[in-house]
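Visitor: I'd like a close look at a single part here, with the cut-offs spelled out as you go. Can we start with one side chain and work outwards?

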Amino acid sequence: MQIQAAVLRHPDKPFVLEDVELDDPGPGEVLVRIAGAGLCHTDLMYRSLPELPMPMILGHEGSGVVEAAGPGVRRFAPGDHVVMSYDSCGHCPQCLAAAPCYCDEFIGRNFSGMRQDFSSAARDTAGSPVAARWFGQSSFATHALATERNLVAVDTSLPIETLGPLGCGVQTGAGSVLLALGVRPASTIAIFGTGAVGLSAVMAARVAGASEIIAVDLHTSRRDLALELGAARALDGADPDLAAALGQADYVLDTTGVPGVIATAVRALRPGGSCGLLGVGGGPITLEPEGFAGRSIRYIFEGEAVPQAFIPTLIRLWREGRFPFDRLIKTYPLSPANEAERDSASGGCVKPVLLPET
């Protein structure tokens, strides 16, 4: 079928809205009409990875309505409302241990933009292949082909166009607090970087019952929002006295990926504390061994969440008024995807969501 998609043809060029021919769903695949797609930092990271296939349709926080299911699909049928998350194989030791975010095939299934047999699911008007399997979906489009494993069914009464960010950024921040780190009631947590991931962590820390939530960011507006969403203190990341102001915390979470920030985060841990790292692309980290004596540091994928179990939990918390993730969202038409990208990079918008005009 013919669809429209925001296509990136070169890392240094803007997105272009193009007509694209998309395959019918094959075995295990599901065709989803996209209602909304969040723009995540991982989508922008693609601009620094020119070795990946171009042209590419990005987008990995899609949500929408199932239009067709391929052979072998059992859990979804046309008309179902779904949130799209990361893909996994379902049969490796990590998947069988309920840790699909560490799937043996995670990189190939989510970062290649291609099917597992290296075929492309889409072609441009000249008949040339377009990579259309970013995180098992490529949802910057009117339609996307997903796999049965990276879909989560949701109630049809929910605002489907704004649920997409639950599939990655929101899930990553909240899951890192509630699942990976297991933040305890009456504990202290410092969260470095309050974009969508960091602010989701702030809200989750409040749900977990943390006694003090400290948010650190360079943007005044985001620090203010962190305070509204549950942080007790919001500190300027550029403050030369930041380390003294932080004190010591039971948990720290870095969403920036900046080596210097990570070093500050680790130094803020009290003995026995845990540090979670979420940011990408910042380069090597240098730490003195004695600096994390008695402390633990781990890099976390996708909040260590099983989407089919955790996304319904986040929706329940939102319905109870305890996890207002929708306050992070600003919507844009799909056609000016570049405006949403600029606003995200400048800090003018926490979580852009692109709405296709179908």
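Visitor: Is Ser200 buried or exposed, and what is the relative accessible area of Ser200?

Guide: Ser200 is buried, at a relative accessible area of 0% (buried is under 20%, exposed over 50%, partly exposed in between, with a 1.4 Å probe and protein chains only). Quick caveats: this is a predicted model, with residues numbered from 1 along each chain as its sequence is written, and side-chain values use heavy atoms, leaving out hydrogens and water. Local features need pLDDT of at least 70 and side-chain atom pairs 80 or more, while totals for chains, interfaces and linings use all residues.

Ser200 sits in helix 5, residues 196-208 (helices are DSSP runs of H or I, at least four residues; strands are E, at least two; both are numbered from the N terminus). The Ser200 side chain reaches back to the backbone oxygen of Ala196, at 2.7 Å. Leaving aside residues up to four places away in sequence, Ser200 touches Gly169, Val170, Gly173, Ala174, Phe323 and Leu328 (contact is heavy atoms within 4.5 Å).

Ala196 turns up again in a second, separate core of 47 residues, alongside Val83, Val154 and Ala305 among others (a nonpolar core is a set of buried Ala, Val, Leu, Ile, Met, Phe, Trp, Tyr and Cys joined through side-chain atoms within 4.5 Å). The largest core has 53 residues, and Ile57, Phe140 and Leu151 touch the most other members there. Among the contacts of Phe140 are Phe15, Ile57, Leu334 and Leu354.

Now the rings. There are 12 aromatic pairs in the structure (Phe, Tyr and Trp rings, six-membered for Trp, with centres within 6.5 Å; under 30 degrees is stacked, over 60 edge-to-face, the rest tilted). One of them is Phe106 with Phe135, edge-to-face at 6.3 Å centre to centre and 90° between planes. Phe106 lies in helix 3 and Phe135 in the loop between strands 8 and 9, so this pair ties together parts 29 residues apart in sequence. Both rings are buried. Tyr299 and Phe301 are edge-to-face as well, because their planes are at 80° and their centres 5.8 Å apart. Tyr299 is partly exposed at 36%, and Phe301 is also partly exposed, at 28%. Ring pairs link these four with Tyr86, Tyr102, Phe111 and Trp134 into a cluster.

For contrast, try Glu320, in the loop between helix 9 and strand 17. Glu320 is partly exposed, at 43%.

Conventions. A polar contact is a pair of N or O atoms within 3.5 Å; within protein, one must be able to donate a hydrogen and the other to accept it, and residues adjacent in sequence count only if both atoms are side-chain atoms.
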